[in-house]
Amino acid sequence: MRAQLALGPAPRSPAGGAAGAPPSSLSFPLAAMAATEQEQFYALLGNLLSPDNAVRKQAEETYETIPGPSKITYLLQAIRNNATPEEARQMAAVLLRRLLSSAFEEVYPALSPEDQTSVKSELLLFIQLEMQSTMRKKICDIVAELARNLIDEDGNNQWPEVLKFLFDSVSSQNVGLREAALHIFWNFPGIFGNQQQHYLEVIKRMLVQCMQDQEHPSIKTLSARAAAAFVLANELNAPLLKHFADLLPGILQALNDSCYQNDDSVLKSLVEIADSVPKYLRPHLEATLQLTLKLCADASLSNMQRQLALEVIVALSETAAAMLRRHTNIIAQAIPQMLAMMVDLEEDEDWANADELADDDFDSNAVAGESALDRMACGLGGKLVLPMIKEHIMQMLQNPDWKYRHAGLMALSAIGEGCHQQMEGILNEIVNFVLLFLQDPHPRVRYAACNAVGQMATDFAPGFQKKFHEKVIGALLQTMEDQGSQRVQAHAAAALINFTEDCPKSLLIPYLDNLVKHLHSIMVIKLQELIQKGTKLVLEQVVTSIASVADTVEEKFVPYYDLFMPSLKHIVENAVQKELRLLRGKTIECISLIGLAVGKEKFMQDASDVMQLLLKTQTDFSDLEDDDPQISYMISAWARMCKILGKEFQQYLPVVMGPLMKTASIKPEVALLDTQDMENMSDDDGWEFVSIGDQQSFGIKTAGLEEKATACQMLVCYAKELKEGFVEYTEQVVKLMVPLLKFYFHDDILLTNSTVLNSKHFVGVDCCLSLIMTRVRVAAAESMPLLLECARVRGPEYLTQMWHFMCDALIKAIGTEPESDVLSEIMHSFAKCIEVMGDGCLNNEHFEELGGILKEKLEEHFKNQELRQVKRQDEDYDEQVEESLQDEDDSDVYILTKVSDILHSIFSSYKEKVLPWFERLLPLIVNLICPHRPWADRQWGLCIFDDVVEHCSPASFKYAEYFLRPMLESVCDSSPEVRQAAAYGVGVIAQFGGDSYRPVCPEALPLLVRVIQSPDAKAKENVNATENCISAIGKIMKFKPDCINVEEVLPHWLSWLPLHEDKEEAVHTFNYLCDLLESNNPIVLGPNNSNLPRILGIIADGEIHEAIKHEDPCTKRLANVVRQVQTSRGLWTECISQLNADQQAAIQELLNSA
């Protein structure tokens, strides 16, 4: 189609139009459009709506070739032509709004100023002339989108006529125009730009008047939605929210009325407020809660409306828990509502023996109620929730109707995480009661009991396993024999998996014979059923149970290896049908986990066969569909085979790496979709959607993303296990991994329209998806130092090139990563990379950028602490809020530890050369060690200065005025963590500090002794600090002996040995002890070597506690000391006689290992 910019004359305005309407003589001053071209465009619109995919795709391609300004011409003409079919006019409106949304900067400025004015005038006129309500709304959406784009960077609205149109229309007698004004304001509440404060009273008056319109329900509903949208758009403006608080009763009234007119739009707006601006509800919280509770309980409303009403309360339990906890009466009424929803189950005769597991129906009341209960328990805490729900659950469990018993057990499963602390005290009572229901006459109740056991095994691990192993293992094995229901058998096996995954090895070993006997028996039976009937559900779970048991007991599984392996290999070889893909994948997982458990020596008899089976599957890999469950299992199995075979696995890399890289390179499909587009896409296509307004949804195709995350983690495994054997693949892997540091929702990889994804609406996307993306970024970060280690073998030039490729991206990721868990991993990896690369790896630009980012992180740390103090002054502050604030604080401190890691790696690599750069951060580090700071701040601030002394002395002394006095004062601090950091600092001052620090040693000595001699010095929480004090005194004696009286101190020091908790300091002390012994120090040896039995006792105790690794050179020195004593038979006999059996065995072990 030849496209040219042209529109015919504008339609005439009817007499008596709204005030402010454009003059009736207005015409669009563009060249007349050839009728044939417009007709062709109408045909194109029809094809865009075609149900035929091929026709629609061709039309989309043709539409994309039309220049943007010409699209505006054609689309406006289609909208204004009432002779055009209604569906095509609506499509034209959607396309024009979409064009302005996605390509405004390309198309609108290309119009002449006259054409721009005409477009704006035409659109406002169209609204006045349009008779169809749906079409008028779509034109309003175009106006809102254009207005949004015509607010400049300073907040100036460059379309003042639209504001006049709003004010005139909202006062009009024409209901359609009033609706239009409210719709535009709802769609773009920021339309007033920087004039909003000036118009605030007018806006408020407009909304109040419209919400009081009793004659026109649509006006009332729209004004409530517009008010809610305005509140949401100004969520950070506390004075405005307070000023508009008196609109809430009107919103609530409109919500109530609209719900009974089958319209849940206002209710959805209230959910958004509860989620994003909960404090806005505070003045009328009781009324809000009472209304939503009433709606939730009203069975005459639709399930969706009732669930949305409940969502308001649940959202508040998460976003304003302390505020909601004050309304215990509402919580007490909401809990029975959730439980009532969970009873809303349908009878299903085929359920018990269904072989395919249907996905949960997330729209059902039962699933919604269970999810709400889980979230509320986590949000409000068990102290409040458990007493309220306990009696309800007990009554339900005694109800003759199976649905109530099922719901009661599922409720127990749901509240375990949130009520963890409170349930622990009554867990024995709960477990005994739940186990009874494994014998319930109804299969779905037995299923729910399995679910409760499995969930408790996870929520209360490992205490649950330690207390209830005997009861639970026997009960689950018995339930797995339940021939009346496959679903129950399978779920009992699933519960056993949960139990064994977190069970201590020593607890499971006594049950191993019985477990294996049952599992093998069931596997044989179910294998026969698979062959005869084609049923596989129970077999899938039993295979995973076997894998879980083997994984837990490790080498103790060796005697049972031959019992299972032939059958498992048989399944992999023969279960090739599409419906058996999951079974085959789980069996592959089982074989690889058993191999890892029993070790290389035992597994090697089958390794060749297993590898051939895997290779055959791998050869067919390209034929597997993206959502084939075998992919993920295969990828993980290869990594386990790599761990088993070690360097021998390298030969398989050419086969493995192609498909692995393909999977790791999967890019998710994303789309911003209109309502019309949604109708052409089904959930079966693997898409997940979240609504971002009435007109749009965001979609992401999730197929393959789980596999992508697993593949990335396996690449990390290969790099870690194979080291230089992986070097051939380092280049392609690093090129894959570096961009994945930015693999999150709002990156251009996924969607260019970042404003959509940063919006509150997007929080609704499945959190599992977010977790998958987090796994990918963590794997990308973990891979960086490992890939550098792999690449070392290629020489410094290759290594440097690789480092240059990743360095900038790592630094930028530290500055932009939004998730603290991922950020900490990126920072840790960056520090490791610097340690690998050493001096010279960062240039001036890197240092400049990194310094700015670390400064920001430290400033953010202090700011967050201040914000938490403000929250502690809030009227809703309570002990649960304090727990939440402590969690936030822990997260912040963890990031602080990673700042310390990075600085440590830089100091250790660059030494004193880096000090001028460090001075940019110095005031912030000094602030960390101020006496009023929390103990964690002081601990990590001291650790940073410890590194400065250790790696940058003697130049470090110029900063002594900042840290020396706080360090000495901290040696006796009430916090053991601070004492440890300070004591370590004294030790490095003695070892590395130089002569300027000499006066520190005699001053520090009595302080260190005071800590060592305190009555609780060896208590678990204090022992590390105490051992650092002992080590520090040893370093003073070794490196600054002339600063103290060594002869006086040495006997005391010997009496404090050995160290065994802090392995690093233990090496220092044992090395110094060897120095003294090898020099025949008379104080250490004692008169006539009388101290030697005590010395051997110290060495033996160190060996018992594994204080020193056998490969450490110090071990050989200690062994030589022992051998020297052996040369004197009488002395050796005397020494050995004073050691206990464990110490004697330890001495022998030391001699054997060295």
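Colleague: Why is the crossing of α14 and α15 called left-handed?

Modeller: A crossing is left-handed if the near helix is turned anticlockwise from the far one by less than a right angle, and right-handed if clockwise. The crossing of α14 and α15 is assigned to the left-handed class. This is a predicted model, in which local features need pLDDT of at least 70 and side-chain atom pairs count only at pLDDT 80 or more, while totals for chains, interfaces and linings use all residues. Residues are numbered from 1 along each chain as its sequence is written, and side-chain values use heavy atoms, with hydrogens and water left out.

Colleague: What angle and what axis distance describe the packing of α14 and α15?

Modeller: The angle is about 145° and the axes are 7 Å apart. Axes are lines fitted to C-alpha atoms, for helices over the stretch in contact, and angles run from 0 to 180 degrees between N-to-C directions. Contact means heavy atoms within 4.5 Å; by that criterion, residues of α14 including L285, L289 and L293 meet a set in α15 that includes A309, I313 and L316.

Colleague: How do you know whether the span of α13 agrees with its number of residues?

Modeller: Helices (H or I, at least four residues) are DSSP runs, numbered from the N terminus. The expected span is 1.5 Å times one less than the number of residues. For the 12 residues of α13 (residues 265–276) that gives 16 Å, and the end C-alpha atoms are 17 Å apart, so the two values agree.

Colleague: What makes α13 largely enclosed?

Modeller: Nine of its 12 residues are buried, so the rest of the structure largely encloses α13. Buried means under 20% relative accessible area, exposed over 50%, and partly exposed in between (1.4 Å probe, protein chains only). Among the buried residues are V266, L270 and I273, and the elements covering them include α10 (217–233), α12 (248–259), α14 (285–297) and α15 (303–319).

Colleague: Why is E37 called buried?

Modeller: E37, in helix α1 (residues 35–48), has 5% relative accessibility and therefore counts as buried. Its side chain also makes a polar contact of 3.5 Å with that of Y74. Such a contact is a pair of N or O atoms within 3.5 Å; within protein, one must be able to donate a hydrogen and the other to accept it, and residues adjacent in sequence count only if both atoms are side-chain atoms.

Colleague: Why are C1114 and C1074 not bonded?

Modeller: A disulfide is a pair of cysteine sulfur atoms within 2.5 Å. The sulfur of C1074 is the closest to that of C1114, yet at 4.6 Å it is too far for a bond. Zero disulfides are found in a search of the whole structure. C790 is likewise in none, the nearest cysteine sulfur being that of C642, 10 Å away.

Colleague: Which exposure classes do K911 and N1088 belong to?

Modeller: K911, in the loop between α42 (879–910) and α43 (915–918), is partly exposed because its relative accessible area is 35%. N1088, in the loop between α52 (1082–1085) and α53 (1092–1104), has a relative accessible area of 78% and is therefore exposed. Phi is positive in K911, near 55°, and about 55° in N1088, which is not a glycine.

Note on methods
Helix = DSSP H or I, 4+ residues; strand = E, 2+ residues; numbered from the N terminus.
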